[in-house]
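Q: I would like to learn how to read the features of a model like this one. Can we start with a helix and move on from there?

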Amino acid sequence: MKLKPAESKLKKFQGWLLIALILSLLTPIPFSSKAQAITASGSEAPQYDVVVIGSEIQGVLLAREARNQGLKVMILDPRSRPGGELLQGQMFFLDDVNDNSKRNLVQGEIKNLFNDYKKGKIRKAADFELYYEKLVQGIPMQSGVTIDSVSTVSGAKDKSLQSLTYRLKNGSKTTVTSRYWVENTDFNALSGKLNGKRIPGMETIYNGKKPDYMAATYMLNFKNVDWGKLHQAVLKDYPLTNVAKKYGPNTYVDWQFATGFSNITNQYKAQNSLLKLRGLNVTYQKDGEAIINGLLIYDVDPADPISVQSAVAKGRVEAPHILSFLRANIPGFAKAELNGFPDYLYIRDYNRFETQYVLDYPDLMSSKMFWDNVSIGGYSIDLQGTRTIPTGIGFGKPDHYGLPLRSFELKSYDNVLVTGKNVGATIKAYGSARIMPTTALAAQTIGIIIGREKNKRLVDLTAADFKRIHQYLAKDYKIVLS
């Protein structure tokens with residue numbers, strides 16, 4: 001039967017419509033797409049460009065840069081209060097990073113924190129809180145969340161994390177979708193659910209068969225410290241060879257910081273066998289106040305709230321005994337008093353999962369640089385104690401080395417990133433790469449790249465792309481990665 005003209009036009013229109021529909025399905029979804037997943041209740045799931053799990057400062061820097069480029073960002077924090085190691089753990093002794101010619105390697109936004117820290121402008125809890133609040137200003141954050149489930153889809157090469165469902169303390173659930181997901185906790189709240197292969201940890205140092213981790217630290221706060229007396233007492237024992245002989249190796253005191261004293265702290269016997277007072281890292285916070293990084297707590301599981309609470313309680317019980325010991329044995333502490341307690345720990349080590357490239361010890365010691373560098377490290381390879389290796393162990397001092405983007409991309413996923421202490425590195429390499437300014441620079445750099453490379457996925461970036469990226473990082477952000 002011959003079609004009428006109107007019917008013929010309709011058939012042609014339907015044909016073109018079908019072709020357009022097929023082409024639209026084959027076309028990649030743009031970065032800022034409004035496409036939504038559908039939740040179990042039938043409502044559309046909120047869509048983000050970047051969702052960061054955890055509120056450690058590294059992920060905050062990543063989120064901040066992505067937001068500065070106009071992306072839609074959200075932080076979901078499993079902890080009840082934000083700030084992680086820096087604020088809740090009160091890790092206020094900041095480790096600097098230098099090459100072997102004493103050139104400082106700290107770059108990016110974190111350098112502003114370090115500069116003010118060294119000048120004495122940021123020393124006390126309120127100072128750090130103010131700095132952190134400025135970083136997170138304008139970034140939506142939910143605290144106290146629990147991840148219920150994740151949904152992944154398989155691609156031609158790798159999987160993609162499509163959506164995540166989380167629950168608040170009141171029981172309400174929300175499902176979100178995102179272009180990128182970032183593991184930014186100290187206990188694998190996200191990456192632990194993605195079936196990755198764990199990178200062997202401290203157990204490899206002594207051929208152990210069970211996973212082992214460096215001890216956590218409970219920070220100790222003091223007031224009424226006579227810093228001038230401490231400084232003078234150590235200065236009287238100069239030269240440094242005599243200081244080391246009396247107080248222990250690496251003992252040093254200036255008007256701002258003090259380190260060492262292991263000959264003295266080795267004499268301290270803790271009330272609990274899971275605790276050890278190692279050599280001291282002390283920051284003078286002005287006005288007679290000081291904070292000490294020195295009390296190790298073994299066998300802490302940061303993924304278990306009961307384990308964390310138990311460790312904090314042990315630290316608080318031990319603190320008065322340490323005070324008595326310092327009064328009797330460390331100059332300037334004769335009239336010291338305790339000055340409050342952190343509610344959380346400094347967790348320096350937990351499970352890490354394989355990334356696209358796992359940084360290794362030879363990379364560090366050969367000063368290897370990568371085509372996709374996102375940071376530069378140079379800290380000593382410092383593995384803190386475990387119950388099996390109570391005093392810890394070191395493996396030398398790299399000059400400088402690169403950290404590639406691939407060491408922050410979770411293996412087998414094309415849109416899951418890791419930050420901070422989740423960096424993909426063997427345990428020896430991790431002993432250096434774990435240091436905050438090194439991983440903070442990496443996170444900030446990645447945030448910039450996500451924001452500026454909107455039309456290309458991170459996993460598809462090439463060496464040629466990174467030549468261009470490194471140029472604008474140097475020009476626009478004063479971040480030099482070559």
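A: Let us start with burial along a helix. This is a predicted model. In helix α6 (residues 227–236), the buried residues are Trp227, Leu230, His231, Ala233 and Val234.

Q: Where around the axis of α6 do they lie?
A: They lie on the same side of α6, because the arc they cover around the axis is only 165 degrees.

Q: Which residues are exposed on the other side of α6?
A: Gln232 and Lys236 are exposed there.

Q: What covers the buried residues of α6?
A: Here one looks for contacts. The cover includes α7 (240–247), β8 (252–253), β9 (257–260), β10 (275–286) and β11.

Q: How many residues of strand β7 (residues 216–223) are buried?
A: For a strand, one counts residues under 20% relative accessible area. In β7 seven of the eight residues are buried, so the strand is largely enclosed by the rest of the structure.

Q: Which strand is joined to β7 by six bridges?
A: That is β11 (residues 289–297), and the two run antiparallel. Within this pairing, Phe222 stands opposite Ala290 of β11.

Q: How many bridges join β7 to strand β12 (residues 337–338)?
A: Two, and these strands also run antiparallel. Phe222 appears here as well, with Leu338 as its bridge partner in β12.

Q: What pLDDT does the chain average?
A: The average is 92, and 91% of the residues score at least 70. Over residues 1–42, however, the pLDDT is below 50. Beyond near neighbours in sequence, that stretch has 25 contacts in the model.

Definitions and conventions
Residues numbered from 1 in each chain as written. Predicted model: local features only at pLDDT ≥ 70, side-chain atom pairs only at ≥ 80, totals over all residues. Heavy atoms only, no water. Buried < 20%, exposed > 50% of the residue type's maximum accessible area, 1.4 Å probe, protein only. Helix = DSSP H or I, 4+ residues; strand = E, 2+ residues; numbered from the N terminus. Pairing = 2+ DSSP bridges. Arc of directions from axis to C-beta. Contact = heavy atoms within 4.5 Å. pLDDT = per-residue confidence, 0-100.
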